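Biologist: Hello! Could you show me the model, and then we can talk through its pockets together?

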Amino acid sequence: QVYNWVKHSLRLESLHTAREPELGDYAGSIVRFHANGVANPLHNDNIVRDAAGSGLAVTHILHQLSCVVCLQECHAGGELRIFNKKWHPVDERFKTPGELGYQTGVIEQSEACEFSPRSGDIYLFNPAFYHEIDRVEGDTRITMGFFFGLTDKKMKHAIAWS
Ligand SMILES: O=C(O)CCC(=O)C(=O)O
């Protein structure tokens, strides 16, 4: 249902779970639990960068997007904050060694947009832009999500993974 919604919304002709010839299908989605007190540090997602040199099918995409469905909202906190700043290789000097996050200096003076997901919401964003999730309070924040990548210049075909 969610793949169909994305397909329809973006006027895609196809959206399938990605497949590796030898290894099989990728997981089509991931359910994430952010319990009381859990936050996600400032980061960005870029499979072409992160899996560079692996030869994996997902490294051949032209653009990456993230789709998230909120299954259970939290009581407070848990906002997704997206900064108006796309990752550039020079930003790696702000990377927290061995961890997912970047230091806040990387988004200094960038405007931010905040979104508090409510149960039933579905949203798309470009994960190349720095983003973080505020500390969750109360009920566990439960989402189901996947990344998808456009595989052609006309942006009609996409593959999904998580
Ligand atoms: O749960 C969210 O709102 C965003 C999750 C996230 O960081 C991502 O999809 O890249």
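Biologist: How much space lies in the second largest pocket?

Modeller: Happy to help, and please keep in mind that this is a predicted model. Open space counts as a pocket here when protein lies on both sides within 12 Å along at least five of seven lines. For the second largest pocket, the space comes to about 200 Å³.

Biologist: Which residues that line this second largest pocket are closest to its centre?

Modeller: The lining of the second largest pocket is made of 16 residues. Closest to the centre of that pocket are Arg32, Asn40, His43, His131 and Ile133.

Biologist: Which strand gives the largest share of the lining of the second largest pocket?

Modeller: Several strands supply at least two residues each, among them S4 (30–34), S5 (40–43) and S11 (129–133). S6, S10 (122–125) and S13 (141–150) also do so. The largest share is three residues, and it comes from S13.

Biologist: Now the largest pocket: which element gives the largest share of its lining?

Modeller: The largest pocket holds about 250 Å³ of space. Its lining has 16 residues, with Asn46, Leu62, His63, Gln64 and Ala128 nearest the centre. Two or more lining residues come from helix H2 (47–50) and from strand S6 (63–72). The largest share, three residues, belongs to H2.

Biologist: And how do the residues of the lining of the largest pocket divide into nonpolar, polar and charged?

Modeller: Tyr and Cys count as nonpolar in this scheme, while Gly counts as polar. On that basis, the lining of the largest pocket divides into seven nonpolar, six polar and three charged residues.

Definitions and conventions: Residues numbered from 1 in each chain as written. Predicted model: local features only at pLDDT ≥ 70, side-chain atom pairs only at ≥ 80, totals over all residues. Heavy atoms only, no water. 1 Å grid on protein atoms, 1.4 Å probe; cavity = no way out; pocket = protein on both sides within 12 Å on 5 of 7 lines; lining within 4 Å. Points joined across faces, edges and corners; volume = space filled by probe spheres on them. Helix = DSSP H or I, 4+ residues; strand = E, 2+ residues; numbered from the N terminus.
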